[in-house]
Structures are given as structure tokens and as C-alpha cells.
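Q: Could you take a close look at one part of this model, the C-terminal stretch of the chain, and set it against the rest of the chain?

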Amino acid sequence: MNALVSYLTFNGNCREAMEFYQKCLGGNLFFQSFDEFPGAENAPITLKKYIVHARLENGPVLLMGSDMVGEDGLLLGNTLSILLASTYEIELRKYFESLSYGGRVIRPLNATSTGNLFGGLTDQFGTQWLFLCRR
């Protein structure tokens, strides 16, 4: 396995969420919208604004997303967290602060018994983030 990538599914707000993540994490952001596909002119107008695929890249950080929800609909839950690990405490604190905007801090960024820095939050889009800085 070369990489393990987090792929998020949204309910029509993929563009907004991914632009927020780019603001927090930096990097290059790419979108492919539904209206770019052949035959999209016949689709309902609400579907045309949906993002089929989004990709945010910043060095080793790769986050992907989409508005394309399966037949069962979007089921938000606590089965996925994105772990941001860094050896740079200042960088990790910056990410934590940025991503907590409009969200809810579950565990403040604090030292653990092993001396590492750890914390967690749920962002304004319902995505759970974990943060780890090995000291």
C-alpha cells in the first residue's frame, strides 16, 4: 500500500467544505463538477452544482471529497476521523485552531502521559479530526 487517503462525502456542500479545508491546511485544490460531464445539460439544476470529485493536496497531505451520495443517502456518524500527525507543534496548533472554527472541540490539544500532544474536534461540517504531535 502506498497511501491511505481520507475520502469525505457531503450533501451538496463539498465545495464549501473543501475550500475551508484548503484555507486551514493550504495546498492545491481541484474540483470536477457534475456539469462537466456529457449529458449534464439534461440533469436537474440542483444536481449540476454538485461536486463529483475534489482533491486537496499539500505535500504528504491528501484529502478527497464528493457530493455524490448513494441510494441510502448520507449517513453522518463517528465511523471516520481524519488524523493529522506532525512533528511540528506550531504547525499542528495552527491546524487545530483553524479547523475548530465553527466546530466543536472534543478534546483540547494537550500533552498525553507519553509526552505527545493530542487533541480532537468535530468541524463545522461534522467531520471528526484527531491531532497528534510526537515529541
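A: What follows starts with the whole chain, then turns to the C-terminal strands, and ends with a loop residue and the largest pocket.

The model is predicted, and for that reason local features need pLDDT of at least 70 and side-chain atom pairs count only at pLDDT 80 or more, while totals for chains, interfaces and linings use all residues. Residues are numbered from 1 along each chain as its sequence is written, and side-chain values use heavy atoms, with hydrogens and water left out.

The chain holds three helices and eight strands, where helices (H or I, at least four residues) and strands (E, at least two) are DSSP runs numbered from the N terminus. Their order from the N terminus is β-α-β-α-β-β-β-α-β-β-β. Along the principal axes, the C-alpha atoms occupy a box of roughly 60 × 30 × 30 Å. Of the 135 residues in the chain, 35% are buried, a term that stands for under 20% relative accessible area, with exposed meaning over 50% and partly exposed the range in between (1.4 Å probe, protein chains only). Among contacts with a separation of 6 or more, 52% join residues 24 or more positions apart, a contact being heavy atoms within 4.5 Å.

The C-terminal part can be read through strand 7, the loop after it and strand 8. Gly 119 belongs to strand 7 and counts as buried because its relative accessible area is 0%. Leaving out residues up to four places away in sequence, Gly 119 touches Phe 96, Arg 107, Pro 108, Leu 109, Trp 129, Leu 130 and Phe 131. Thr 122 also lies in strand 7, which spans residues 117-122, and its relative accessibility of 15% is why Thr 122 is classed as buried. Beyond its neighbours within four places in sequence, Thr 122 has contacts with Gly 103, Arg 104, Ile 106, Thr 127 and Gln 128.

Gly 126 sits in the loop between strand 7 and strand 8 (128-133), and Gly 126 is partly exposed because its relative accessible area is 32%. Its C-alpha atom lies 18 Å from that of Ile 51, a residue 75 positions away in sequence.

Cys 133 is part of strand 8, and Cys 133 is buried because its relative accessibility is 2%. Its partners, not counting residues up to four places away in sequence, are Ser 86, Thr 87, Tyr 88, Glu 89, Leu 92, Asn 116 and Leu 117. Between the C-alpha atoms of Cys 133 and Gly 119, 14 residues apart along the chain, the separation is 9.4 Å, whereas Cys 133 and Val 52, 81 residues apart along the chain, have C-alpha atoms separated by 33 Å.

A residue from the N-terminal side also reaches this region. Phe 10 is placed in the loop between strand 1 (6-9) and helix 1 (14-25), and Phe 10 counts as buried because its relative accessible area is 4%. With neighbours within four places in sequence set aside, Phe 10 has contacts that include Ala 17, Met 18, Tyr 21, Leu 74 and Phe 125. Phe 10 and Phe 125 are 115 residues apart in sequence, yet their C-alpha atoms are 8.4 Å apart in space.

There remains the largest pocket, whose volume is about 420 Å³. Of its 19 lining residues, Pro 60, Val 61, Leu 62, Leu 83 and Leu 84 are the closest to its centre. A pocket here is an open set of points on a 1 Å grid over the protein atoms alone, where a 1.4 Å probe fits, with protein on both sides within 12 Å along at least five of seven lines, and lining residues have an atom within 4 Å of a point; grid points are joined across faces, edges and corners, and the volume is the space filled by probe spheres set on the points. Strand 4 (61-66), strand 5 (81-86) and helix 3 (89-100) each give at least two residues to this lining, and strand 5 contributes the most, with five residues.
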